[in-house]
Protein chains: 2
Amino acid sequence: MVAPTPIIEDLKARKPAALARAISLVENGSPGSETLLAGLHPLVGTARRIGITGPPGGGKSTLIERLASHYRTAGLTVGVIAIDPSSPFTGGALLGDRIRMERAAVDPGVFIRSMASRGSLGGMATTTGEVADVMDAYGFDRILIETVGVGQSELDIASVCDTTVVVLVPESGDGIQVMKAGLMEIADIYVVNKADRPGADRLRQELEVAIGLKGGHAFRHVPAHHHPELQTAKTAREKTPSDAGTDGSDGPWAPPVIATAALRDEGIGELRGALDQHAAYLERGGGLQARRARQLAQRTRDVVERALRRWLWSDAGPRAALETALADVAAGRRSPYEAAAGVVERLRGSNGA
Amino acid sequence: MVAPTPIIEDLKARKPAALARAISLVENGSPGSETLLAGLHPLVGTARRIGITGPPGGGKSTLIERLASHYRTAGLTVGVIAIDPSSPFTGGALLGDRIRMERAAVDPGVFIRSMASRGSLGGMATTTGEVADVMDAYGFDRILIETVGVGQSELDIASVCDTTVVVLVPESGDGIQVMKAGLMEIADIYVVNKADRPGADRLRQELEVAIGLKGGHAFRHVPAHHHPELQTAKTAREKTPSDAGTDGSDGPWAPPVIATAALRDEGIGELRGALDQHAAYLERGGGLQARRARQLAQRTRDVVERALRRWLWSDAGPRAALETALADVAAGRRSPYEAAAGVVERLRGSNGA
């Protein structure tokens, strides 16, 4: 591997143009991107990675803008990755103009990057983690990763974050149903945004009941806060067996439910406080280290799979085997399964396995 | 490959127990599942596969129950695949009890299967397509595939369906925003459910504007229907370049917007009519054949990748290389990229490529 040293040096010198170029390289999986990532690897690990997810229309972009402003006021720099579900056909992002962060955009301490959710050979979560690595190496203190929707990709992207915030609004309807869609497993913090609207209290109560049903019983004390009209409640949940003991040694984390009205800049301080508390919780018990080690192992597996896939679809040997298989299937001579078994046998066989 | 003939024979004999067992085999990727799928392959291809997707809380389950009832009245059998986003930690589906289709459940002409969305080695879309294959081979006339949420997985699952229905409700908020989340690219039919609620007309109009903005200009005539209060409008859209000419030769399909009130059993006949029209459209221009051929090629690629992954994670040779790589990364001796390159070099090298 020949390292593209200029980019790495320019990143270390915090040149914005290098940042944008490095992210493009990584997002597109262009030649040299893995060499770049290998070179950046020693610089990665200081940023806090925060996933912000939830159904569309929840005001996540506004919330992120306000949270970024709060961080900037505190002297922290912020990278934002906004993931746009894009067309499966054109591969183009429809939402290039989605995020309107005028106030943030003129500040060099904030960098916003919109990503298409399609076309990444190694899976969206891997690519997102790699773009976050670039921002991390560049020196951003916080990386906010916004995902739209409630689906598998959101669950996957949570796996590359330190903390996941699930944002709901009264209008998103039945909170319990949203909770059922797998979000409850990944939420470290809940936000009820647009909390000044009707139904916010009901949603918050639904969430707390759902958290309680999930196994929580040790209700923590409600902390003092500035906005008495914006209630903050905390409820404990049991760790799932596979997670227990890895993210802190002082008992399970109690996902708080934070009420915000991002457009009115209300509740953002509380959200920031909850994020700091979760970070402290992770660091206290050695949970952050364990989580990062898991993420690193997963990244390695993902990169191996991606490299193997790239080999499969580009190298002359396997490609020829695959073309034969596809032709056989199209002609009805073999099922996809028999054809695939043939390809793998050929690769295994010549591998001596 | 030794075919598990008894299951295939039992499926042909339409024994429900064999159906359930075959689906479990396929869903879990158990030993023998690919042999089973290879054996079923000649029986696959007569069912119509209909994807039903949209944000949570849209009443998709009720809509599916009513649509299934309409099909049953017409003498058609129906398989339902409901995909539950499950816990990324436990791998268990939280929503085992989600679907309540009491009326349908006592009818042997309807089979409902809830699937976890996690843990499938080959990706959710592939597994879903394979479960649909089992139902298809068993002889169901219609296969309804329900996905929750608005995310990448929904876009992927659309790729294994003949027709995709996107279900929205007035409560789901900003229809345009939902549209932006990639759904517009996959929708063959829009449903505005709970159309008796306030905001339904506005949502329908938003959708029609969005469809128009997307490139449509040839507005079709509104067909006659039984419920004058439930408006049905049709709007044409331009085909995306990659899709043009493959799904019918008589001009682009005009995705209709159907208003339903599933709980009141209103608009379901219209939805069924739109589904029939789309199926006729696909068959008329040879588009169905082209679409199925694309799906078959994609399945073959997916199965090859899955088989290769299975080999990678289970065979002694690659596994040893991978363990070394993981240990190196964990100890900080190499970045994931250098370690992965080492694994692939080893596999490529011994392959002579």
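Let's start with how far you can trust chain A: its confidence bottoms out in strand β7 (residues 232-234), at a mean pLDDT of 31, and peaks in helix α10 (residues 268-284), at 96. Keep that in mind as you look around, since what you have in front of you is a predicted model. For chain A as a whole, the mean pLDDT is 78, and 73% of the residues reach 70 or more. The model also comes with two overall scores, an ipTM of 0.76 and a pTM of 0.70.

Where should you be careful in chain A? One stretch is residues 86-104, where pLDDT stays under 50. The model still has 51 contacts beyond four places in sequence for residues 86-104. Another stretch is residues 216-249 of chain A, again with pLDDT under 50 throughout, and for this one the model has 75 such contacts beyond four places in sequence. Don't lean on those contacts too much: where pLDDT is low, the predicted coordinates should not be read in detail.

Now for the general build of chain A. Its secondary structure comes to 13 helices and eight strands. The chain has 353 residues, and buried ones make up 54% of them. You can also ask how the chain folds back on itself. Take the contacts in chain A between residues at least 6 apart in sequence: 72% of these join residues at least 24 apart.

A single residue shows what that looks like. Find A:K12, which sits in helix α1 (residues 5-12) of chain A. Then find A:A137, which is 125 residues away from A:K12 in sequence but 7.6 Å away in space, C-alpha to C-alpha. Is A:K12 buried or exposed? It lands in between: A:K12 has 14 other C-beta atoms within 10 Å, so it counts as partly exposed.

Next, look at how two helices of chain A pack together. Helix α2 (residues 16-28) and helix α6 (residues 124-138) have axes 9 Å apart, and the angle between them is about 160 degrees. An angle over 145 degrees counts as roughly antiparallel, and therefore α2(A) and α6(A) are described that way. Their crossing is right-handed. On the α2(A) side, the residues that meet the partner are A:L19, A:A22, A:I23, A:V26 and A:E27. Facing them from α6(A) are A:T127, A:E130, A:V131, A:V134 and A:Y138. Sorted by class, this contact of α2(A) with α6(A) has seven nonpolar residues, one polar and two charged. If you're wondering about the spacing of the numbers, here is a handy rule: an α-helix has 3.6 residues a turn, so residues three or four places apart point the same way.

Helices meet across the two chains as well. Helix α12 (residues 316-330) of chain A comes up against α11(B), with axes within 10 Å and a crossing of roughly 140 degrees. Which word describes that arrangement? The angle makes α12(A) oblique to α11(B). The crossing of α12(A) and α11(B) is right-handed. From α12(A), the contact uses A:L322, A:A325, A:L326, A:V329 and A:A330, while α11(B) brings B:A293, B:L296, B:A297, B:T300 and B:V304. By class, the contact of α12(A) with α11(B) has nine nonpolar residues, one polar and no charged ones.

Stay with that chain B helix for a moment. Helix α11 of chain B covers residues 287-314, and B:G287 is found in it. B:G287 counts as buried because it has 21 C-beta neighbours inside 10 Å. Compared in sequence and in space, B:G287 and B:A13 are 274 residues apart and 32 Å apart, C-alpha to C-alpha.

Elsewhere in chain B, helix α3 (residues 33-40) is mostly covered, with eight of its eight residues buried. Among them are B:S33, B:E34, B:L36 and B:L40.

Finally, check out two loop residues in chain B. B:R14 lies in the loop between α1 (5-12) and α2 (16-28), and its phi is near 55 degrees, a positive value in a residue other than glycine. With 13 C-beta neighbours inside 10 Å, B:R14 counts as partly exposed. B:D265 is found in the loop between β8 (256-259) and α10 (268-284). The phi of B:D265 is also positive, near 60 degrees, in a residue other than glycine. B:D265 has 14 C-beta neighbours inside 10 Å, so it counts as partly exposed.

How values were computed:
Residues are numbered from 1 along each chain as its sequence is written. Chains are lettered from A and ligands numbered from 1 in the order in which they are written. This is a predicted model: local features need pLDDT of at least 70, side-chain atom pairs count only at pLDDT 80 or more; totals for chains, interfaces and linings use all residues. Helices (H or I, at least four residues) and strands (E, at least two) are DSSP runs, numbered from the N terminus. A residue is buried if 20 or more other C-beta atoms lie within 10 Å of its own, exposed if 12 or fewer, and partly exposed in between; C-beta atoms are placed from the backbone. Axes are lines fitted to C-alpha atoms, for helices over the stretch in contact, and angles run from 0 to 180 degrees between N-to-C directions. Angles under 35 degrees count as roughly parallel, over 145 as roughly antiparallel, 65 to 115 as roughly perpendicular and the rest as oblique. A crossing is left-handed if the near helix is turned anticlockwise from the far one by less than a right angle, and right-handed if clockwise. Two residues are in contact if their C-beta atoms, placed from the backbone, lie within 7 Å. Ala, Val, Leu, Ile, Met, Phe, Trp, Tyr, Cys and Pro count as nonpolar, Asp, Glu, Lys and Arg as charged, and the others, Gly among them, as polar. pLDDT is the predictor's confidence in each residue, from 0 to 100.
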